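Me: I have a model open and want to go through it piece by piece. Can you take my questions as they come?

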Amino acid sequence: MAQEQEYRTSTTLPKCDTYFETIQSRKKLPLSLQETLTDAFAKIPVSSFPAVPSGKVIEILADTPIGEAVKILSESNILSAPVKDPEAANSSDWRRRYLGIIDYSAIILWVLEGAELAHKALLVGTATAAGVGAGAAGAMGALALGVTGPAAIAGLTAAAAGAALAGGIAADRVVAKDAPQAADNLGEDFYKIILEEEPFKSTTVRSIIKSYRWAPFVPVARNSAMLTVLLLLSKYRLRNVPVIETGKPDIVNFITQSAVVQGLEGCKGRDWFDCIAEKRIADLGLPFMSTDEVISIQSNELILEAFKQMRDNKIGGLPIVEGPKKRIVGNLSIRDIRHLLLRPELFTNFRKLTVMNFMNKIVSSSLQTGKVTQSITCKPDSTLQGVIHTLASQSIHRIYVVDGQDEVVGVITLRDVISCFVTEPPYNFDDYYGFAVKEMLNQ
C-alpha cells in the first residue's frame, strides 16, 4: 500500500508543477506582495484555523455499508469524511487508525461499476462471464425477466429465474434476443438490488477506499504552517487535509478547500486581501482553463454519461449546456450522485434518464429548488472578490465564466482561487511540510 501511494504521488507531481507554473505566470502579482503573503502563511500555525462547524470531525467506520455512508455524508452536508478502522481503535498510531478518506468521488465510481457489471451480466447472459456473483445475477436476472411481483404468476420463483439467467438458459430466449429491453427492465429496481441484495448490500467503506481512492491520506500537525495546507489544497490537488495533534492519534480538525475560501471571504477589508481580490479575474489570468478545456454535458445526454465524465476526468462538476455554442442552463455536481442512492424511487428507468430529466426530478422533490437549478456564473470582468463571495455564500465548488450570450468560456474552482494567494518558495517541501508527507513518501 505504501509503495502504491508513493507511486501515485510521484506520478502526479509533474502535472501539479505544470498547473502551478501556469498559474504563477498568469497571476501578475508584484513579487514583493507574493513574497510577503508567502512569509505570512508560513508563520501562521494550522492550530489557528477555525474548527469544523460542529466542533467535532465526522468520521465513518470502515465497516459501514455504503448506503449508510451516503446518508451520513448527505445528512451532515459534507462531501467527504475520514475513515477509521474499528480493528485499530486502541492504536496510538494514526497510520493504523485511519485508512483514508471516503467521498462522493469514490462512491460514484463504485455505483457506475455496479451499473456496468449489471448491464454486462444481462447482455452476455452468464454471471461467470460478466464477473458478477451468482446471487447478484440471480436477482438481476429475475428483474430482467420481469419477475418482480409474485413469482407464481410466471410459474417461476425469483431464484429459479435468476438461476436460469446465471446458467445461460434464459439467454437464448430473452437476453440475447432483446438485450436492451432486458437491461431496461431493471429500472428503479436496480437500486434496490445494489443496496439490498448481495454482494452489493455487504459492500463496505473499507472495500471502496481500497479500490477507488483518488488522493493519499496526508494529515498535517497542529503546529504545521498554513502554507503547507494551502499548497496541498491548491498545487497538490487535495480537496481536504486532516489535522492531527503530534503524539495523539485522533483527527482534531478537517480543513477543506471550501473552508479556506470561506476564510478568505472573511478577510475582506484587509489590505493584502483587497489588493488581490479587487482585481478583475481577467487581470489575474483567470480562468486558468481555456474554453476548449472546459468539460461540459449536453442537457439531453444521459445522466450516467455525465457521472462517467466526472469519473474519467477526475472532476467534481459539469456545466449543463445546450446547443453547439454551449449555452449554460444548469450545474451538475458530483454530490448529486446521492440522489441516485438516497431517492431511488424517483427514477423508473435510470439507463434512459437524461441530465435535464434528472435535474427536474430532483427539483420536484427538493426544498432547495433555486440551489439545484440556478446556473451560477460570472463574467470575465467580474472581480475575484465577487467570485469568492459567490463561492462562499452559495457553498459551491466552482463557478462558470460566461460571455454575453451565456456561453461557457471557462471555469474557476476553489483550487484556482486558493492558488491566486499562494506560491511555493524554494525548498518548501523540506522546510515546511512537516512529518506527514515526508514519512508517507519515505515508507
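Me: Start with Lys 314. Is Lys 314 buried or exposed?
Reply: Lys 314 counts as partly exposed because its relative accessibility is 46%. Buried means under 20% relative accessible area, exposed over 50%, and partly exposed in between, with a 1.4 Å probe and protein chains only.

Me: Where is Lys 314 found?
Reply: Lys 314 sits in the loop between α16 and β8. Its phi is positive, about 55°, although Lys 314 is not a glycine. Helices (H or I, at least four residues) and strands (E, at least two) are DSSP runs, numbered from the N terminus.

Me: Which other residue that is not a glycine has a positive phi?
Reply: Ser 395, with a phi of about 55°. Ser 395 is in the loop between α20 (384-394) and β11 (398-402). With 40% relative accessibility, Ser 395 counts as partly exposed.

Me: Before I go on, what kind of model is this?
Reply: It is a predicted model: local features need pLDDT of at least 70, side-chain atom pairs count only at pLDDT 80 or more, and totals for chains, interfaces and linings use all residues. Residues are numbered from 1 along each chain as its sequence is written, and side-chain values use heavy atoms, with hydrogens and water left out.

Me: Back to β8. Which strands form the open sheet, and in what order?
Reply: Three strands, in the order β7-β8-β9, with mixed pairing. The edge strands are β7 (297-298) and β9 (327-333), each pairing on one side only. Two strands pair if DSSP finds at least two bridges between them.

Me: How many bridges join β7 to β8?
Reply: Two, and β7 runs parallel to β8 (residues 317-322). Gln 298 stands opposite Val 321 in β8.

Me: Which helix packs on the sheet?
Reply: Helix α16 (residues 303-313) packs there and touches β7, β8 and β9; the direction of α16 makes about 70° with that of β9. Helix α18 (residues 355-364) also lies across β7, β8 and β9, at about 65° to β9. Axes are lines fitted to C-alpha atoms, for helices over the stretch in contact, and angles run from 0 to 180 degrees between N-to-C directions.

Me: Where is Pro 287 found?
Reply: In the loop between α15 (271-277) and β7. The peptide bond from Leu 286 to Pro 287 is cis, with omega near -5°.

Me: New topic: at what angle do α2 and α13 pack?
Reply: Helix α2 (residues 31-43) and helix α13 (residues 226-233) pack at about 110°, with their axes 5 Å apart. That makes α2 roughly perpendicular to α13; angles of 65 to 115 degrees count as roughly perpendicular, under 35 as roughly parallel, over 145 as roughly antiparallel and the rest as oblique.

Me: Which residues make the contact?
Reply: Thr 38, Phe 41 and Ala 42 come from α2, and Met 226, Leu 227 and Leu 230 from α13. Contact means heavy atoms within 4.5 Å.

Me: And β5 and β6, how many bridges do they pair over?
Reply: Five, in the antiparallel sense, between β5 (residues 240-244) and β6 (residues 251-256). Ile 244 stands opposite Ile 251 in β6. The two strands form a hairpin with six residues between them, and Gly 247 in the turn has a positive phi of about 90°.

Me: Last one: how many helices and strands does the protein chain come to?
Reply: 23 helices and 12 strands. Of its 443 residues, 49% count as buried.
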